[in-house]
Amino acid sequence: MDPATIVILAALIIGLIYGSVGLVSGFCMMSGLRGWWAEGDGRLVRTYALAMGIAIAASQLLAAAGLVDLGKSIYLHPSFSAPVIFLFGLLFGYGMVLSNGCGSRALVLLGRGNLRSFVVVIVLGIVAEMTLKGLIAPARIAMVQASQATVSANSVPALLAGSGLGAVPARMVAAAVLSAILIIFAFAHVPFRKSPGQIAAGLIVGLLVAGGWYATGYLGADDFNPVPVTSLTFIAPIADALQYVMLSTGSTLNFGIVTVFGVFAGSLVTALATGRFKLEGYRSPQHMLRSAGGAVLMGAGGVMAFGCSVGQGLTGLSTLSLSSFIAIAGIMLGTAAGLRGALRVRPLATA
């Protein structure tokens with residue numbers, strides 16, 4: 001098989017596994033933070049932290065071994081706009097709360113029969129495409145150009161290397177320290193240690209991130225037909241998948257599009273096999289309006305912040321990019337604003 005075909009097959013397998021694991025475990029940053037802050041259940045947020053730690057460790061090992069050049073990813077560009085990434089990360093986080101989940105979670109729930117997620121996926125995809133290539137694109141380009149800066153060090157290992165450490169030692173020190181902090185945080189919680197399903201979910205999702213890097217950066221390496229070096233991310237891929245469904249003639253499948261299809265299929269098959277499939281809809285027009293509004297914020301915010309709670313929170317962070325730390329700070333603060341305080345998204349009144 002040629003490298004491009006291998007990448008497509010790898011994307012399908014990664015998507016299927018993520019969809020299945022996401023459905024069974026409930027893997028989701030927003031659900032984890034809500035359970036931790038509002039309900040006192042910290043298991044899901046520990047699952048997310050474990051996935052972060054494993055993604056960082058495994059991805060940096062691939063890079064240190066020379067198997068994958070993470071520098072070719074969008075996260076390690078030498079120029080970026082910190083204010084735009086932070087602000088729109090914040091809007092993305094607030095949108096997650098309005099829509100009750102991120103783009104990847106919406107795909108997983110759609111496979112389970114949640115028709116609310118169908119609206120979220122469609123609206124998110126349209127707005128993301130508008131921001132990437134449509135009506136909002138000129139404003140996006142103008143904002144980024146007006147505020148971006150070129151930095152001498154665009155990652156944590158680069159910062160350490162600037163202080164005198166060699167490139168590989170700097171990479172390994174940064175990865176070891178950050179992944180250890182995250183893994184210790186996860187296993188310090190007794191209920192999490194007693195939840196083998198959540199532990200497995202964190203391990204698997206973290207390894208899937210590294211698997212995406214390996215598939216696109218190593219298996220897909222081809223000087224004559226190169227593919228973008230990327231891994232799990234969902235905002236732009238949902239937009240691309242929506243466009244592919246409508247205009248497949250002349251279009252080409254890529255890692256992101258196939259991952260989106262794989263996540264939906266993995267969730268659907270798992271839901272049918274385990275009896276979890278159940279059609280669900282909105283309770284009221286207000287509920288639908290709130291959910292669609294959150295999808296708008298996620299579509300625009302995810303594009304402007306270069307990723308979502310998975311695309312930046314796991315995949316971007318696995319590169320140890322400074323811009324990803326800025327994005328995830330914004331996403332978490334936006335989520336916090338939606339879950340707590342004066343801007344808290346309050347439950348809708350039921351009829």
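Here are four short exercises, with worked solutions, on a predicted model.

**Exercise 1. Describe the largest pocket: its volume, its lining and the helices behind that lining.**

Start with volume: the largest pocket comes out at about 850 Å³. Next, count the lining, which is 35 residues. Nearest the centre you'll find Pro228, Thr230, Ala236, Pro237 and Asp240. Then ask which elements each supply at least two lining residues: α1 (3-25), α7 (137-147), α12 (235-246), α13 (255-274) and α14 (285-304). Finally, sort the lining by class, and you get 19 nonpolar, 13 polar and three charged residues.

**Exercise 2. Do the same for the second largest pocket.**

Its volume is about 520 Å³. There are 27 residues in the lining of this second largest pocket, and Arg34, Val97, Leu98, Asn100 and Arg290 sit closest to its centre. The elements giving two or more residues to this lining are α4 (82-99), α5 (103-111), α6 (115-133), α14 and α16 (322-339). By class, the lining splits into twelve nonpolar, eight polar and seven charged residues.

**Exercise 3. Check the span of α16 against its residue count, then work out what its buried residues pack against.**

Take the 18 residues of α16 at 1.5 Å a residue, counting one less than the number of residues, and the expected span is 26 Å. The end C-alpha atoms of α16 are 26 Å apart, so the two values agree. Now list who is buried: among them are Ser323, Ala327, Ile331, Gly334 and Leu339. The buried residues of α16 pack against α2 (29-37), α3 (43-64), β1 (79-80), α4 and α15 (311-318). Carry on just past the end of α16 and you hit Gly341, with a positive phi of about 85°.

**Exercise 4. Are His189 and Ala51 buried or exposed, and what does each one touch?**

Begin with His189, in the loop between α9 (167-187) and α10 (190-193). His189 has 16% relative accessibility, and the cut-off for buried is under 20%, so His189 counts as buried. Skip neighbours within four places in sequence, and the contacts of His189 are Gly42, Arg43 and Arg46.

Move on to Ala51, in helix α3. Its relative accessible area is 1%, so Ala51 is buried too. Not counting residues up to four places away in sequence, Ala51 touches Phe27, Gly202, Val205, Gly206 and Leu314. For a last step, compare sequence and space: Ala51 and Ala200 are 149 residues apart in sequence, while their C-alpha atoms are 9.5 Å apart.

Key
Residues are numbered from 1 along each chain as its sequence is written. This is a predicted model: local features need pLDDT of at least 70, side-chain atom pairs count only at pLDDT 80 or more; totals for chains, interfaces and linings use all residues. Side-chain values use heavy atoms; hydrogens and water are left out. On a 1 Å grid over the protein atoms alone, a cavity is a set of points where a 1.4 Å probe fits but cannot get out, and a pocket is an open set with protein on both sides within 12 Å along at least five of seven lines; lining residues have an atom within 4 Å of a point. Grid points are joined across faces, edges and corners, and a volume is the space filled by probe spheres set on the points. Helices (H or I, at least four residues) and strands (E, at least two) are DSSP runs, numbered from the N terminus. Ala, Val, Leu, Ile, Met, Phe, Trp, Tyr, Cys and Pro count as nonpolar, Asp, Glu, Lys and Arg as charged, and the others, Gly among them, as polar. Buried means under 20% relative accessible area, exposed over 50%, partly exposed in between (1.4 Å probe, protein chains only). Contact means heavy atoms within 4.5 Å.
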